[in-house]
Amino acid sequence: MIRPVFAALVTCVAPVLVQAEVDFVHQVVPVLKQHCAACHGGKEAKGGFSLNTRELFLEDDAAAPGKAAESYFLELIAETDPDLRMPPPKKKKDPVPAKAVAILRAWVDEGMKWEPGFTFGEPTYEPPLKPRHPELPAITDARENPVDRFIDTYLTERKLPRPDPADDATFLRRVHLDLVGLLPTPEETRSFLANKNPDKRAKLVDSLLARDLDYADHWLTFWNDLLRNDYAGTGFITGGRSQVSRWLYDALKENRPFDAMVRELIAPPTPESEGFIKGIEWRGDVSAGQTLPIQFAQSLSQSLLGINMKCASCHDSFIDRWKLDEAYGLAAIYADKPLLIHRCDIPTGETAKAAWLFPEIGQIDPAAAKGERLKQLAALMTHPENGRVTRTIVNRLWGQLMGRGLVHPLDAMQTEPWHEGLLDWLASDFSEHGQDLKRTLRLIATSAAYGSRAEVTKGEDEAASYIYAGPRTKRLTAEQFVDLMWSLTGTAPRVFDAPVIRGKSDPETAARLARKSTWIWGPSAAAGPPPGGEKILLRKDFKPAKAVQSAGVIASADNSFTLYLNAQQVLAGGDWSKLESTPVTIKAEGINRLLLVAENGLKEPNAAGAFAALRIVYTDGTDEVIATDETWTVSNKMPPGNKPAEWKILELTWEKVVPVSLPAWSNAVDPQVGTTLASCSVTSPLMVRAGLVKSDFLMRSLGRPNRDQIVTSRPNELTTLEAIDLSNDATVAKALEAGAKKLAASHGKTPDRLIEELYLSTLTRLPTEEEKSLLREVLGEKPEPQAVADLTWSLWMMPEYLLVR
């Protein structure tokens, strides 16, 4: 129970139960097209009424958003007088069915939300395909950042005031959360607020972007949403889905150029990046719109082009220019066999022809093999004359930092931007500087526009009437809330689920660990090449010699392998020229067991071998490497079943292994051993982050999506479920208890210091004298852990904490 005095600190927005909204595209548009558009759409405006756009619809009070009962057009639809009813009976028009009327009423009551850019008339805007290079406007008031030059001109032309700068505390909190997803420490906050250097904001941005691991940990969430990548969920159990986590994390950690990322996603050079285009292979029968080739077309279009191809995957789109044959043409690039076109799940009798959406810059050869078609598509997506992809990604980056895209929503890139010149310039600058994601983030984050006070909104955000007035306030993401909770209370888990390597090894350690790979096989290798299809089980039992700090393992096999540690799968691979690697946790007490299932995949006898190496780093700074050698044993008989925990290992017959070698193995693998083994066995000193672990009930209630679908923006609404969980969730309660004990123990003798530390650690500011006076009285001279927990919870519930302003 939270004490009333603490509750007085919390000025919470009343929870709103978010229910399923009426679907404008699939429910409202068909009704209006069938019953209204003939007289009031396109070039027709009978009686002076046009419903082409939302703005025209609302002229002359034809509708009252949020008030169906006061909407004149609904009165006319429900009218019983044949001379007044719409559509008119004298034109032999049937009345609007009751079910359709109910849809329109619900739509109006919900505010008449309109798909940005949609019109019942002819589209008036078509985004350019090729890059455009607008001239930079003149500098005003010494604001040299290109972003500010465009924004200042925009405001001047419209005679709008320039937003005031945000104070240092607000900027400090905003930029930390936006770039690395964490708050500054109290010491960092004090130092920044005391710093009088005029360049301190730019230097702070640079220092945050230089924190490679923090940056990767944070931005992994954005990219996981965008690429529908996760660590568990639909498709993983059946093998119908694969992760791109390792590839993605490495790309973020090294700031890989975006065009390189796009090429590797579309035409994967290794299995590590193929999960995006593979999609989710659903179990059982699926509709034509959920097949893997159609998923490919939809995912590629939405994530990389900002185009909604879902409508066009079923029928010609209601909301923009995309046609069914275009969606299927894109899908056919990925198809393994001839792809029959279906319209609303009914075969049309036509076969799709592999084709690219914008033939002005090139086209796909439909006769080429699938792999070659994907390479051609990757080249077209990253073509220097393709400005659509670069405009889409810089718009997403702008949206992440500024709270609203230059094009809104982010997946409606057919919509006219509110500042086309700025979008074009950012996209061309992005291309001209190696498609460096961090550079564009820095450009935005160091602008005065980003550093200004957040816009105060009135609740409505209609694309056609949007006027820039500063950055928009954002909600803490689920991952940010959990990260901040863990950071403050010291309750972060020790292990994570993402199969990534967070550590960064030093060159000296990598050089010391460099060694020749030692390959082994079963007894069949003694007499010559092992038989094709042979599968063997290799085993090594070991005990750590001292207290363990960290560990990592690498492995490869010709042709394929699966490696288990203590009955848990840790690695698998099918490319003998590449080392797979991962950090592992080993038992401090008792026997640890490595089991390596290796298979010689060809039909005829051929060379076969397996290599593995485990590095254990001890707490005293020493280490030990356990690699495949003659001390390993092998069983030629595989135990039944696919659950190693149930294998009766000691009942198998174990023999000595046979050392094997092949120059090709050594030439490919040996150069990788030192660096790979050093990297995977280094423990990052950084806290485990929520973006690296599987979603749980708390994170789902806070808005983390299941990622069965691509998500490019999360809801900003406060839901009833969220409010309940933040008040009652056991995870939150345990973290509060642990954190309160720690804070009471460290600062309990100095209540003022405790209050300041909490405010700095949550709100990134010092408490006001009024707040401090109130809390001194409540906490007393010797604050108890429960009182500290109550205060912490109250701070967590404040909009000032939950929002990124």
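**Helix α20.** I looked up α20, residues 437-445, in this predicted model. Seven of its nine residues are buried, so I note the helix as largely enclosed by the rest of the structure. I listed the buried ones as L437, K438, T440, L441, L443, I444 and A445. I then checked the start of α20, where a side-chain oxygen of D436 comes to within 3.0 Å of the backbone nitrogen of K438. K438 is itself among the buried residues of the helix.

**R704.** Where does R704 sit? I found R704 in the loop between α24 (697-701) and α25 (720-728). Is R704 buried or exposed? Its relative accessibility is 3%, which is under the 20% cut-off, so I entered R704 as buried.

I next looked for backbone oxygens beside polar atoms of the R704 side chain, and I noted two. The backbone oxygen of V693 is 2.9 Å from a polar atom of that side chain. For the backbone oxygen of A690, the distance to a polar atom of the R704 side chain is 3.1 Å.

I also pulled the contacts of R704, leaving aside residues up to four places away in sequence. R704 touches A690, G691, V693, K694, S695 and M699, and also R714. Its other contacts are D230, Y231, A478 and E479.

**Confidence.** I checked the pLDDT last. The chain average is 91, and 96% of the residues score at least 70. Over residues 11-18, however, the pLDDT is below 50. That stretch has 14 contacts in the model beyond near neighbours in sequence. Where pLDDT is low, the predicted coordinates should not be read in detail, so I left those contacts unlisted.

Note on methods
Residues are numbered from 1 along each chain as its sequence is written. This is a predicted model: local features need pLDDT of at least 70, side-chain atom pairs count only at pLDDT 80 or more; totals for chains, interfaces and linings use all residues. Side-chain values use heavy atoms; hydrogens and water are left out. Helices (H or I, at least four residues) and strands (E, at least two) are DSSP runs, numbered from the N terminus. Buried means under 20% relative accessible area, exposed over 50%, partly exposed in between (1.4 Å probe, protein chains only). A polar contact is a pair of N or O atoms within 3.5 Å; within protein, one must be able to donate a hydrogen and the other to accept it, and residues adjacent in sequence count only if both atoms are side-chain atoms. Contact means heavy atoms within 4.5 Å. pLDDT is the predictor's confidence in each residue, from 0 to 100.
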